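User: Could you take a close look at one strand in this model and walk me through what surrounds it? I'd like the cut-offs spelled out as you go.

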Amino acid sequence: MIIYFSGTGNSRYVAEGLAKILDDRLVSATDLIKFKEKDTFNSKKPFVFVGPAYVGRFPKVFRKFIKESMFLGPRGAYVVITCAASPGDAYGSIVADLKRVGLSVKGFSYVEMPTNYIVMFNPPNKEDASKMVAEAKIKTIEIGNKIKEDQSFVETPGGFANKFTSVFAYPIANLFFKSKKFKTTDKCNGCGACALLCPFESIHIENDKPVWRGKCTHCMACISACPNEAIEYGNKSKGKNRYYLKDKFEL
């Protein structure tokens, strides 16, 4: 069973690929979180968790979802992180989180994908993003084949810098994951696409315009997928590219 969390499509794309390679069931934790559904997952094959690196670890909301769920089946699980450059020291936190639900990490790897974090970085243009996704597809197939062959593997950069990112920067960053700086421009037509994508259902359409109220994990789905590029994050996103992956993984 492939369980994934995804904001702008990177982790969803990798999870789709692994599900096809392994001929396994695909489960969107993003949707389950949105509709506040908890579940007991039963699988005959090893569980595979796929999600993005948020400051060197899985998003807080995805970690909470895993720790509050029950997993029945093989005890050895695989984890795949999507990231712009490095997964940080995500491995250590993943081992601890899965141990709490009775699972051990049999395999860990990461796939580099285009950044979506427009708050700090400028996402790549469409051509460069397409090249990165093509390379990510090759890496996903390699990982999928390892899992299919029941291999054990750990691919992590390690190092002090990555450890620092995960241990110290992660909790601080989560304090700043707020929605109050999101705003719309005159290009907004009130289509509601942003509200449909929010995993917390924190975006409400009022007077034909979105209003951000409530939790936010900075997944960037709303600003990245807006069809009119009518959402900004204060002044930090102005003039920057938008990146949202709609492609389906095809073997």
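Analyst: Let's start at a single pairing: P52 has T82 as its bridge partner in β6. A quick note on the ground rules: this is a predicted model, where local features need pLDDT of at least 70, side-chain atom pairs count only at pLDDT 80 or more, and totals for chains, interfaces and linings use all residues. Numbering runs from 1 along each chain as its sequence is written, and side-chain values use heavy atoms, with hydrogens and water left out.

The strand labels come from DSSP runs numbered from the N terminus (E, at least two residues, for strands; H or I, at least four, for helices). β6 covers residues 76–83, and 8 of its 8 residues are buried, meaning under 20% relative accessible area with a 1.4 Å probe, protein chains only. G76, Y78, V80 and T82 point one way, while A77, V79, I81 and C83 point the other way, and all are buried.

Now the neighbours. Two strands pair if DSSP finds at least two bridges between them. β4 (residues 48–52) runs parallel to β6, with 5 bridges. β7 (residues 104–112) also pairs with β6 in the parallel sense, over 8 bridges. In that pairing, T82 sits opposite V111 of β7. To get from β6 to β7 the chain goes through helix α4 (residues 90–100), a β-α-β crossover that is right-handed; in other words, with the strands pointing away from the viewer, the path from the first strand over the helix to the second runs clockwise.

What about the packing? The largest nonpolar core has 51 residues, and I3, F49 and L98 have the most contacts inside it. Such a core is a set of buried Ala, Val, Leu, Ile, Met, Phe, Trp, Tyr and Cys residues joined through side-chain atoms within 4.5 Å. β6, α4 and β7 are among the elements that give two or more residues to this core, and the list also includes α2 (29–34) and α3 (60–67). Apart from it lies another core, of 23 residues, and V50, V111, A136 and F153 are among them.

I3 is worth a zoom. Not counting residues up to four places away in sequence, I3 touches V27, A29, F41, F47, V48, F49, V50, F62, F65 and F71, where contact means heavy atoms within 4.5 Å.

Conventions
Buried means under 20% relative accessible area, exposed over 50%, partly exposed in between (1.4 Å probe, protein chains only).
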